[in-house]
There are 2 protein chains.
Amino acid sequence: MGTQPSTDRGRLTRQRIVAAAAEVVAEKGALGASLDEVGARAPASRSQLYHYFDDKNDLLLAVAEATNDTVLDGQQDLFDHLGTWDGLVRWSDALVAFLEERGGKGGCPIANLLGQLGERDDAIRAVLASGFDRWEADIRAGLAAMVSSGELRPDADVAWLASSTLASVQGGLVLSQARRDPLALRRALDGALELIASYRPI
Amino acid sequence: MGTQPSTDRGRLTRQRIVAAAAEVVAEKGALGASLDEVGARAPASRSQLYHYFDDKNDLLLAVAEATNDTVLDGQQDLFDHLGTWDGLVRWSDALVAFLEERGGKGGCPIANLLGQLGERDDAIRAVLASGFDRWEADIRAGLAAMVSSGELRPDADVAWLASSTLASVQGGLVLSQARRDPLALRRALDGALELIASYRPI
DNA sequence: TACTTACTGGACTACACAGTCCACTCATGA
DNA sequence: TCATGAGTGGACTGTGTAGTCCAGTAAGTA
């Protein structure tokens, strides 16, 4: 769990280390990221790292939490408008546009961490799962709002649709990452949208 | 690219090394898999490894190819019947059953390798992408057969549906891996199936 | 000023790992 | 029987890395 810093300076240092670690992990992978490089980037000395974190795993756990926040906070504005059909379309367009910017590279940071650490460390897996849970809950809330407002029929199973939509996003990102081409994400999202659209009133 | 062994004994040794490496990689991850452990598992000595492969990366490339084959050959019987609605349903049930057996652990081996190595080595990324391509082509062939036989309407865009369906599979596997629960895969597949079903003749 | 606690710097250790090296085996063929 | 060369065994090297250690500093308190 690492030490809880009791001063502001400490808190900032800890935060700086996590941010640097997240960058290095994104570039080199979780196992390829060395503490030396994290320290150099932060910048922070060896003993600062071990002052704020028990060991590398503990640091990676903090990185996982920070990754959840980065991914979800980055979409917050879009999540806020998921309660209308137009908002849903804008969200999907934004995801594709985001991937296009990066040339198909990278995929979803949460999924990447999961693939690298999920089977090795159960605490980290649980953290990343909670990230997906929050993401899915935001989608579900949007769909539920559309049911309430009558944009979707009451028989729409929002839990199922939200789960299936997030799966389309994740799968689309995986395929696009493999092919360095956002087309797969576009198609996956179009599939998810068309499924949701089939629950619009006639 | 490593040496092409000219004897049967050599070929078998090479194959044994790849199989052992694939096991170790599945357990410890691509970077966590040490050549010592691969050698111990094969069994094969240090110099055998470097006789058949240029370096660790070259070995991992062979593992990626073998992983493609394992995943796709394992589904071949199911792929062969993807040309009917019943076959499609059986395929999706088999995927969920397979994941249930493993308690939600593991996810898709191709996607796992991609997450670990895709951004680090472009040759490996390309190999894994070709695995997804083959997978998607098999689904597309099945859907096309359903269009031909009249089980799907002619206006069904099979390229889009195949891509979107594979994305649902991959995304469902990611979410299920995170949650250690096959429900997400079940929901994702139900979404994909319902989308396809919407193109059945009325 | 003296004392205490929180925090910091960076040298140091132990080790695991990729990759090298060379002597050896053993089948094949003259 | 010897020569050849593909294939093999495993000790060895250098390096990068996680984790330890302790002396030092800054800031707060008596």
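This report walks through two contact surfaces in the structure: the one between chains A and B, and the one facing DNA strand D. Keep in mind that this is a predicted model.

**Where the two chains meet**

Let's start with the protein–protein side. Chain B uses 40 residues to contact 40 residues of chain A. A common way to express how big an interface is uses the accessible area lost when the parts come together. Here chain A and chain B bury about 3,500 Å² between them, and carbon and sulfur atoms account for 57% of it. Three residues stand out on the chain B side: Glu119(B), Arg179(B) and Arg187(B) supply 18% of the area that chain B buries against chain A, more than any other three residues.

Charged partners meet across this boundary too. Between chain B and chain A there are eight salt bridges. One of them joins Glu136(B) to Arg179(A), with the closest N and O atoms 2.7 Å apart. As for polar contacts, 16 residue pairs make them across the interface, counting pairs with both residues at pLDDT 80 or more.

Which elements of chain B touch chain A? Those giving two or more residues are α7 (109-117), α8 (122-149), α9 (158-179) and α10 (183-197) of chain B. The largest share comes from α9(B), with 15 residues. Sorted by class, this side of chain B has 16 nonpolar, 13 polar and 11 charged residues.

**Around DNA strand D**

Now over to the DNA. Strand D is surrounded by 18 residues, and the closest are Leu35(A), Arg46(A), Ser47(B), Gln48(B) and Tyr52(B), so to speak a guest list drawn from both chains. What part of the strand faces the protein? Of the strand D atoms within 4 Å of the protein, 55% belong to sugar or phosphate and the rest to bases.

Here are three side chains with a polar atom placed by the strand:

| Side chain | Atom of DNA strand D | Distance |
|---|---|---|
| Arg46(A) | base oxygen | 3.0 Å |
| Tyr50(A) | phosphate oxygen | 3.1 Å |
| Tyr52(B) | phosphate oxygen | 2.7 Å |

Behind these side chains are a few helical elements. Those giving two or more residues to the surface near DNA strand D are α3 (46-52) of chain A, plus α1 (8-28) and α3 (46-52) of chain B. The one that gives the most is α3(B), with five residues. By class, the surface near strand D divides into four nonpolar, nine polar and five charged residues.

How values were computed. Residues numbered from 1 in each chain as written. Chains lettered and ligands numbered in written order. Predicted model: local features only at pLDDT ≥ 70, side-chain atom pairs only at ≥ 80, totals over all residues. Heavy atoms only, no water. Contact = heavy atoms within 4.5 Å. Buried area = accessible area lost by both parts, 1.4 Å probe. Salt bridge = Lys/Arg side-chain N within 4 Å of Asp/Glu carboxyl O. Polar contact = N/O pair within 3.5 Å; in protein donor to acceptor, adjacent residues only side chain to side chain. Helix = DSSP H or I, 4+ residues; strand = E, 2+ residues; numbered from the N terminus. Nonpolar A, V, L, I, M, F, W, Y, C, P; charged D, E, K, R; others polar. Near = heavy atom within 4 Å.
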